[in-house]
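Hello,

Here is the structure you are taking over. Please open it before reading the notes underneath.

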Amino acid sequence: MRQKNILQFLIGIALLIGFNFLAQTYFFRWDFTEEQRYTITPATKKILRELDDQVTIKVYLEGDLDANFKRLQKTIRETLDEFKIHAGSKLKYKFIDPSIAKDAKARTAFQQELLKKGIKQTNLHYKEGSKTVEKVIFPGILLYYKNFETSALMFKAVDQRLDKGTSPEQILNQSVENVEYNLISAIRQLTQKERKNIAFLEGHGELADIETYDLATSLAQFYQVGKVNLK
């Protein structure tokens, strides 16, 4: 019996050493979360692995936040950690509280600079005991690559009409679900070396400019968009 226990102990030690060796030699991760939050798409992995220079991301979602925006913050942080697994040292990020400044004048100047760069503010209202607190937040990111810079919004309430039946909670849930897409779209937009051409046909009864504006604006993030008159 004693020899059997010793044998089982030695087998256990051998398995532990073998597993530790495999863990150090090969990377693998199992995603047991119900929403597969740590499973990013193959297209995202490809973009991250092919980065040829460092991308730095500043996330302006830090400080005193309510529970809902802390959830968005947590999802962004977890997604960026997952991105780093595939991008390695080519990806760096940090979270910044835009309300921290030495005085009110400096804080206002900093927040105005964020607005100029396309990071729009969101007015946040939440309860603290019997009081309603209002806080201005800037749920967006700035990305830097070589000599280039771009911005992206991580909360899309500023782009949608709330009077169409979409509640702020629904928009926040959509923003959480779209974290990977919003992050990798911004990285792709910033780092792509060549833009293919897409042209809208006109002169033969096609849709008017106002009817294709949203589509053209979205395409312009990744393509050179123009017009071709059939005449």
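The notes below deal with one helix, its partners and the nonpolar cores.

This is a predicted model, in which local features need pLDDT of at least 70 and side-chain atom pairs count only at pLDDT 80 or more, while totals for chains, interfaces and linings use all residues. Residues are numbered from 1 along each chain as its sequence is written, and side-chain values use heavy atoms, with hydrogens and water left out.

Helices (H or I, at least four residues) and strands (E, at least two) are DSSP runs, numbered from the N terminus. Helix H6 covers residues 179-191, and its end C-alpha atoms are 18 Å apart, which agrees with the span of 18 Å expected for 13 residues at 1.5 Å a residue. The expected span is 1.5 Å times one less than the number of residues.

Of the 13 residues of H6, 10 are buried. Buried means under 20% relative accessible area, with a 1.4 Å probe and protein chains only. The buried residues of H6 pack against several elements, including helix H2 (42-49) and helix H3 (67-87).

Where do H2 and H6 meet? Thr44, Ile47 and Leu48 in H2 are in contact with Glu180, Ile184, Ile187 and Arg188 in H6; contact means heavy atoms within 4.5 Å.

The largest nonpolar core has 33 residues, and Ile187 is among those with the most contacts inside it. Such a core is a set of buried Ala, Val, Leu, Ile, Met, Phe, Trp, Tyr and Cys residues joined through side-chain atoms within 4.5 Å. A second, separate core of 6 residues includes Ile96 and Leu142.

Regards

Technical notes
Buried means under 20% relative accessible area, exposed over 50%, partly exposed in between (1.4 Å probe, protein chains only).
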